[in-house]
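Please look through the structure below alongside the sequence. The paragraphs that follow take up a few residues in turn and then turn to the chain as a whole.

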Amino acid sequence: TSISIQPPSYVDAVVNLEYTKLDQYTITEVEQNIKTALTTGFGYINMRFEDTIYPQDIEYVIQQAPGIKTVKVTALHELLGSGLNTLSGGAGEIFRFQESNIGISEM
């Protein structure tokens, strides 16, 4: 018996969202909380090969972040793609959210 271990293929995901904040928080605080929630909630430790990510999954994770009143994902796709999609990973693929691919705007 032999085992061959391959490194994962990282697939960069793009997400754009709109939010409303709670009054006691600043825009800067809330937007940092959103980025932290995404990069932590969908970070390497929490992701599995061939995961499927729905827009509602992202909304749920962000809704838990401090200062968020409402959130709506307006775009979700792989880098160089477009639209509001469900992300479905292939064999050996893990989705990766990076701050540079997170678009945030206040409603």
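Asp12 is found in strand 1. The model is a predicted one, and in it Asp12 has a relative accessible area of 17%. Buried means under 20% relative accessible area, so Asp12 counts as buried. Which residues does Asp12 touch, leaving aside those up to four places away in sequence? They are His77, Glu78, Leu79, Arg96, Gln98 and Asn101. With one of them, Gln98, there is a polar contact: the side chain of Asp12 meets the side chain of Gln98 at 2.9 Å.

Arg96 is another residue on that list. Side chains of opposite charge can pair when their charged atoms come close. The side chains of Asp12 and Arg96 meet in a salt bridge, with 2.7 Å from N to O. Asp12 belongs to strand 1, which covers residues 9-21, and Arg96 belongs to strand 5, which covers residues 93-106, so the salt bridge ties together parts that are 84 residues apart in sequence. Is Arg96 buried, partly exposed or exposed? Its relative accessible area is 33%, so Arg96 is partly exposed, whereas Asp12 is buried. How many salt bridges does the structure hold? The number is one.

Strand 5 also takes part in a pairing of rings. A pair of aromatic rings is described by the distance of the centres and the angle of the planes. The count of aromatic pairs comes to one. This pair is formed by Phe42 and Phe97, with 5.3 Å from centre to centre and 50° between the planes, and it is tilted. Phe42 sits in the loop between helix 1 and strand 2, while Phe97 is in strand 5; the two are 55 residues apart, and the pair links distant parts of the chain. Both rings belong to buried residues: Phe42 has 8% relative accessibility, and Phe97 has 5%.

The loop that holds Phe42 runs between helix 1 and strand 2, and other residues in it can be looked at as well. Ile45 lies in this loop, with helix 1 (27-41) on one side and strand 2 (52-53) on the other. Is Ile45 buried or exposed? With a relative accessible area of 73%, Ile45 is exposed. Together with Tyr10 and Tyr44, Ile45 forms a nonpolar patch on the surface, and the accessible area of the three comes to about 400 Å².

Glu50 is found in the loop between helix 1 and strand 2 too. At 47% relative accessibility, Glu50 counts as partly exposed. The backbone is the point to look at here. Most residues other than glycine have a negative phi. Glu50 is not a glycine, yet its phi is positive, at about 65°. Leu80 is a further residue other than glycine with a positive value, and its phi is near 75°. Where is Leu80 found? Leu80 is in the loop between strand 3 and strand 4, the latter being residues 87-88. With 84% relative accessibility, Leu80 counts as exposed.

Strand 3 itself covers residues 68-78, and Val73 is found in it. Val73 has 1% relative accessibility and so counts as buried. Not counting residues up to four places away in sequence, Val73 touches Val15, Asn16, Leu17, Pro55, Ile58, Glu59 and Leu84. For one of these, Ile58, the separation can be given in two ways: Val73 and Ile58 are 15 residues apart in sequence, and their C-alpha atoms are 7.5 Å apart in space.

These residues can now be placed in the whole chain. How many helices and strands does the secondary structure come to? There are two helices and five strands, and from the N terminus on their order is β-α-β-α-β-β-β. The C-alpha trace spans about 60 × 25 × 20 Å along its principal axes. The chain has 107 residues, of which 34% count as buried. It exposes about 6,500 Å², and carbon and sulfur atoms supply 49% of this area.

What share of the contacts with a separation of 6 or more comes from residues 24 or more positions apart? The share is 73%. The salt bridge between Asp12 and Arg96 joins parts of the chain 84 residues apart in sequence, and the aromatic pair of Phe42 and Phe97 joins residues 55 apart.

Terms used. Residues are numbered from 1 along each chain as its sequence is written. This is a predicted model: local features need pLDDT of at least 70, side-chain atom pairs count only at pLDDT 80 or more; totals for chains, interfaces and linings use all residues. Side-chain values use heavy atoms; hydrogens and water are left out. A salt bridge is a side-chain nitrogen of Lys or Arg within 4 Å of a carboxyl oxygen of Asp or Glu. Helices (H or I, at least four residues) and strands (E, at least two) are DSSP runs, numbered from the N terminus. Buried means under 20% relative accessible area, exposed over 50%, partly exposed in between (1.4 Å probe, protein chains only). Patches are made of residues with over 30% relative accessible area and no salt bridge: like charges are joined within 9 Å, nonpolar side chains (Val, Leu, Ile, Met, Phe, Trp, Tyr) within 5 Å. Accessible areas come from the Shrake-Rupley method with a 1.4 Å probe; for residues, only the protein chains shown count as cover. Rings of Phe, Tyr and Trp (its six-membered ring) pair if their centres lie within 6.5 Å; planes under 30 degrees apart count as stacked, over 60 as edge-to-face and the rest as tilted. A polar contact is a pair of N or O atoms within 3.5 Å; within protein, one must be able to donate a hydrogen and the other to accept it, and residues adjacent in sequence count only if both atoms are side-chain atoms. Contact means heavy atoms within 4.5 Å.
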